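Hi,

Here is the structure I promised to pass on. Have a look at it first, and then read my notes underneath.

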Amino acid sequence: MRTDMRVQQDRPQPGPEIWIRGPVALPEEPPPSPAAVTPRRFSWVGVHGGAGVTTLASVYGGHDCGRDWPGPADPPSVLLVARTHATGLAAALGALEVFRRGEAPHGLDLDAVVLVADAPGRLPRPLAEQVKVIESVIDVYRVPWVPAWRLGDPSGRPPRETAALARLTGRTR
């Protein structure tokens, strides 16, 4: 019996052939793109007075343009800022129309609209409907009412409801 087993072990067994070539190097990682390394820089542009541009720039970074268009040395990526009251939403729609007609300064890239709550709580239906119109045209980031910001203290963490805006701007504090 033992001899039969030895004979069977010496015979080649059918199956796939495996070639051994030696160590295989792992593929090199491609160098990270500059956009992946450095967050994109933005210019905050208020579409009306009191929109909150200065506060947003201090919390999320970026260039505070006030109510002016970015200059040649400023980041060309634009985030339009408006409050969620009737005047603010109308001004945001007007600014979107300026971009749609091609009347914004050459070279600017409109990335999104940032709507800052004008009061705590839910929006009245007519204002919520205007927000839906804006959202149908471009990405909209909503910033809730932050009592500390009203008192002039933007030093805390950004509200958790603004996580997407924080990722966009690269600021998570």
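Below is what I found in it, starting with the sheet and moving on to the helices.

Please keep in mind that this is a predicted model.

The sheet is open and has five strands in the order β2-β1-β3-β4-β5, with parallel pairing. Its edge strands are β2 (63–64) and β5 (140–143), each of which pairs on one side only. Within the sheet, β3 and β4 are joined in the parallel sense by seven bridges. If you want a place to start looking, find serine 77, which stands opposite aspartate 109 in β4.

Now for helix α4, which lies across β3 and β4 and runs at about 155° to β3. Its 15 residues (86–100) should span 21 Å at 1.5 Å a residue, and its end C-alpha atoms are 21 Å apart, so the two agree. Which residues of α4 are buried? They are Gly88, Leu89, Ala91, Ala92, Ala95, Leu96, Val98 and Phe99. An α-helix has 3.6 residues a turn, so residues three or four places apart point the same way. The buried residues of α4 pack against β3 (77–83), β4 (109–116) and α5 (125–135). After α4 comes glycine 102, with a positive phi near 80°.

Helix α3 (residues 53–60) is also worth a look. Its buried residues are Val53, Leu56, Ala57, Val59 and Tyr60. Glycine 61 follows α3, and its phi is positive, near 85°.

Happy to go through any of this with you.

Best wishes

Technical notes. Residues numbered from 1 in each chain as written. Predicted model: local features only at pLDDT ≥ 70, side-chain atom pairs only at ≥ 80, totals over all residues. Heavy atoms only, no water. Helix = DSSP H or I, 4+ residues; strand = E, 2+ residues; numbered from the N terminus. Expected span 1.5 Å × (residues − 1). Buried < 20%, exposed > 50% of the residue type's maximum accessible area, 1.4 Å probe, protein only. Contact = heavy atoms within 4.5 Å. Pairing = 2+ DSSP bridges. Axes fitted to C-alpha atoms, helices over the stretch in contact; angles between N-to-C directions.
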